[in-house]
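Biologist: Could you take me through how such features are read from a set of coordinates, giving the general idea before the particular case?

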Amino acid sequence: MHDVVDLDWSSVDKGRAQMREAGACELPGFLRPEALAIFVEDARRVAPLGHSSGGLGTVYLGFPDETFAADHPRQWLGNYGVGAVAYDLFPDDSPIRRLFEWEELRAFVAAILGLESVYPYADPLGALNLAVMGDGDELQWHFDQTDFVVSLALQDAEEGGDFEVAPFVRNADDERYDDVARVLAGDREPLTVLPMTPGTLLVFAGRHSLHRVSPIHGATPRLVALFGYDTQPGTMSSELLKAVRYGRVA
Ligand SMILES: [Fe+2]
């Protein structure tokens, strides 16, 4: 795989420092320029198999909590719309799939996270996804329920589709609802905007950083491969999540 990716072990220390400071490590040019076209072609081949879902989502990814006031972040709702191609729809010879299953990439991601190892999700649908976002799609402000996400940017939309982050808005001891509310109300001062640059590998810790994907416009879909790794072996997505995201559970 070294012929398709620029996996540079000497960048691990810098990546770890970025994780500590910003909760994100961006590796532009991770996919070599000559390999990018092959990966994009692979993504375009499976993209039509994606299941689309959309509606209203919350910041905390559950139902709105009506024990809080109507204007509280716990009751905020935002639009989302996204398509997802499940792992089992990637052919065996798919370069995206082969990169996801490559052991050295997993070791590299673990090193950036300062972990001994990370494991692929055991979920036959959720382990690897292609996120397909077209005209009008977006992802509402939210915190992740997983410790980290690894994504590979493949194709940019004509307009929008930026990854916007308010780093470390909350922590394990303090929800900091006032700061969350500020971002929801449109204050952009706390934001870091990570433009979508094809070929970039992103390791992102989203449990404490509020983030969204800005609304997309134009005919070209935004294509991002999502690699499902976890600190524990055997991780599965819930049946509910599978039903919503893929329109099926197996
Ligand atoms: Fe997220």
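Modeller: What follows takes the metal site, the salt bridges, the strands and one helix in turn, bearing in mind that this is a predicted model.

Biologist: Let us begin with the metal: which protein atoms are the donors of the iron ion?

Modeller: As a general idea, ideal angles at a metal are 109.5 degrees for four tetrahedral donors, and 90 or 180 degrees for six octahedral ones. In this structure the iron ion has as its protein donors NE2 of His142, OD of Asp144 and NE2 of His211, which lie 2.0 to 2.2 Å from the ion. Water is not among the atoms, so the site may look incomplete.

Biologist: What spacing do the donors of the iron ion follow along the chain?

Modeller: The spacing is H-x1-D-x66-H. Asp144 belongs to the loop between strand E6 (139-142) and strand E7 (149-155), whereas His211 belongs to strand E11 (residues 210-213), so the pair ties together parts that are 67 residues apart in sequence. Asp144 and His211 are both buried.

Biologist: Turning to charged side chains, how many salt bridges does the structure hold?

Modeller: The general idea is that side chains of opposite charge can pair when their charged atoms come close. The structure holds 14 salt bridges, and one of them joins the side chains of Asp93 and Arg45, with an N to O distance of 3.9 Å. Because Asp93 sits in the loop between strand E3 (78-85) and helix H3 (95-100) while Arg45 sits in helix H2 (residues 33-46), this pair ties together parts that are 48 residues apart in sequence. Asp93 counts as exposed, at 52% relative accessibility, and Arg45 is partly exposed, with a relative accessible area of 45%.

Biologist: Arg188 and Glu164 also meet in a salt bridge; which parts does the pair tie together?

Modeller: Their side chains meet at 2.8 Å, N to O. Arg188 is found in the loop between helix H5 (177-184) and strand E9 (192-194), and Glu164 in strand E8 (residues 163-166), so the parts tied together are 24 residues apart in sequence. Glu164 is buried, with a relative accessible area of 4%, whereas Arg188 is partly exposed, with 44%.

Biologist: With which residue does Glu189 form a salt bridge, and which residues are joined into one network by salt bridges that share partners?

Modeller: The partner of Glu189 is Arg182, and their closest N and O atoms are 3.2 Å apart; Glu189 counts as exposed at 62% relative accessibility, and Arg182 as partly exposed at 36%. Shared partners join Asp42, Arg45 and Asp93 into one network.

Biologist: How should I read the surroundings of E3: how many of the eight residues of E3 are buried?

Modeller: Six of the eight are buried, so E3 is largely enclosed by the rest of the structure. Strand E2 (residues 51-57) runs antiparallel to E3 and is joined to E3 by seven bridges, with Gly78 in E3 as the bridge partner of Gly57. E3 also pairs in the antiparallel sense with strand E5 (residues 128-133), over three bridges, and there Val85 stands opposite Leu130 in E5.

Biologist: Finally, which residues of helix H1 are buried, and against what do the buried residues of H1 pack?

Modeller: In H1 (residues 12-22), Val12, Gly15, Ala17 and Met19 are buried. The buried residues of H1 pack against strand E1 (24-27), helix H4 (103-113) and strand E10 (201-204). After H1 comes Gly23, whose phi is positive, near 75°.

Terms used. Residues are numbered from 1 along each chain as its sequence is written. This is a predicted model: local features need pLDDT of at least 70, side-chain atom pairs count only at pLDDT 80 or more; totals for chains, interfaces and linings use all residues. Side-chain values use heavy atoms; hydrogens and water are left out. Buried means under 20% relative accessible area, exposed over 50%, partly exposed in between (1.4 Å probe, protein chains only). Helices (H or I, at least four residues) and strands (E, at least two) are DSSP runs, numbered from the N terminus. Contact means heavy atoms within 4.5 Å. Donors are N, O and S atoms within 2.8 Å of the metal (3.2 Å for Na, K and Ca); water is not among the atoms, so sites may look incomplete. A salt bridge is a side-chain nitrogen of Lys or Arg within 4 Å of a carboxyl oxygen of Asp or Glu. Two strands pair if DSSP finds at least two bridges between them.
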